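Let's take a walk through a protein structure together. Have the sequence and the 3D view ready, and follow along as we go.

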Amino acid sequence: MRTPLKIVLVGMPGSGKSTFGKALAMQLNFAFIDLDEAIEKGESKTIREIFEVEGEGRFRELETLYLTKVISGVEGFVLSTGGGTPCFNDNMELINEQAVSVYLEVSHEELLKRLAKDQASKRPMFAGMDRGEIILKLKNLYAQREYFYRRAKIKLSGDDISTELLISELMSFFRN
Ligand SMILES: Nc1ncnc2c1ncn2[C@@H]1O[C@H](COP(=O)(O)OP(=O)(O)O)[C@@H](O)[C@H]1O
Ligand SMILES: O=C(O)C1=C[C@@H](OP(=O)(O)O)[C@@H](O)[C@H](O)C1
Ligand SMILES: [Mg+2]
């Protein structure tokens, strides 16, 4: 069976899914969808507002709802998921049934650097945390999530994964 040209990026918060997804889609001339942005647009609320007002449980419901809708769309897209997306409601099965999943594996030191630089307001999981708390949160999240990330069809590791490497890995995946 031919593999559909649907590419889904998964990985820890700060691993670069949103940044890479956009660049990859541009290079491949594919559509780009960021799942968090799709939820924010569709619900007319920020992710932070959804977490704060309706709770994480509601966010996870919405995440699965939007993932299901987006992933069944016409092929020829790159989808950047949120860090938790593959880990709830059988979402990883859905992703692997419909698309080529790519895990961006970045060291915790690098994740910490990037998350500490980022505005906490954008990331409710890390809001108001100091460096030590972010380290503990990352360790805890990773322990719960590694199992799901490792089910991705392609894994790319490193702190400076380039879109060129990603494209060459994708080409060999589609060739084989
Ligand atoms: N390859 C990279 N090198 C350095 N910083 C990066 C890289 N990719 C992303 N970043 C930065 O790290 C932060 C998280 O990136 P983002 O794409 O939002 O990750 P994710 O969507 O996986 O949470 C952003 O501030 C972004 O500018
Ligand atoms: O790890 C998580 O559970 C989350 C990661 C975020 O996406 P990024 O991984 O793009 O930061 C966003 O979906 C939400 O804040 C929850
Ligand atoms: Mg993102």
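We'll start with a helix, then turn to the annotated binding site and the two ligands. Keep in mind that what you're looking at is a predicted model.

Find helix α1, which covers residues 17-28. It has 12 residues and reaches 16 Å from its first C-alpha to its last, close to the 16 Å expected at 1.5 Å a residue. Which residues of α1 are buried? They are K17, F20, G21, L24 and A25. These buried residues cover an arc of only 130° around the axis, so they sit on the same side of α1. There's a neat bit of geometry behind that: an α-helix has 3.6 residues a turn, so residues three or four places apart point the same way.

What lies over the buried residues of α1? The cover includes the strands β1 (6-10), β2 (31-34), β3 (77-80) and β4 (100-105), along with helix α8 (163-175). Just past the end of α1, look for N29, which takes a positive phi of about 60°.

Now for the binding site. An unreviewed UniProt entry places this feature at G14, S15, G16, K17, S18, T19 and R123. Let's pick out two of these, K17 and R123.

You've already met K17 in helix α1. Why does K17 count as buried? Because K17 has 27 C-beta neighbours inside 10 Å, and 20 or more is enough to be called buried. Leaving aside neighbours within four places in sequence, K17 is in contact with L9, G11, S80, T81 and L104.

R123 is in a loop, the one between α6 (108-117) and α7 (131-149). R123 counts as buried too, because it has 20 C-beta neighbours inside 10 Å. Again leaving aside neighbours within four places in sequence, its contacts are P13, L115 and D118.

On to the ligands. Around ligand 1 you'll find G11, P13, G14, S15, G16, K17, S18, T19, S80, R114, D118 and D160. The largest share of this shell, three residues, comes from α1. By class, the shell around ligand 1 has one nonpolar, seven polar and four charged residues.

Which residues surround ligand 2? Here the list is P13, K17, S18, D36, I47, G82, G83, G84, R123, P124 and M125. The shell around ligand 2 divides into four nonpolar, four polar and three charged residues. Try spotting K17 in the view: K17 is part of the surroundings of ligand 1 and of ligand 2.

Note on methods. Residues are numbered from 1 along each chain as its sequence is written. Chains are lettered from A and ligands numbered from 1 in the order in which they are written. This is a predicted model: local features need pLDDT of at least 70, side-chain atom pairs count only at pLDDT 80 or more; totals for chains, interfaces and linings use all residues. UniProt positions are given in the numbering used here, feature names are shortened, and annotations may be inferred rather than shown by experiment. Helices (H or I, at least four residues) and strands (E, at least two) are DSSP runs, numbered from the N terminus. A residue is buried if 20 or more other C-beta atoms lie within 10 Å of its own, exposed if 12 or fewer, and partly exposed in between; C-beta atoms are placed from the backbone. Two residues are in contact if their C-beta atoms, placed from the backbone, lie within 7 Å. A residue is near a molecule or strand if its C-beta atom, placed from the backbone, lies within 6 Å of it. Ala, Val, Leu, Ile, Met, Phe, Trp, Tyr, Cys and Pro count as nonpolar, Asp, Glu, Lys and Arg as charged, and the others, Gly among them, as polar. The expected span of a helix is 1.5 Å times one less than its number of residues. The arc is that of the directions from the helix axis to the C-beta atoms.
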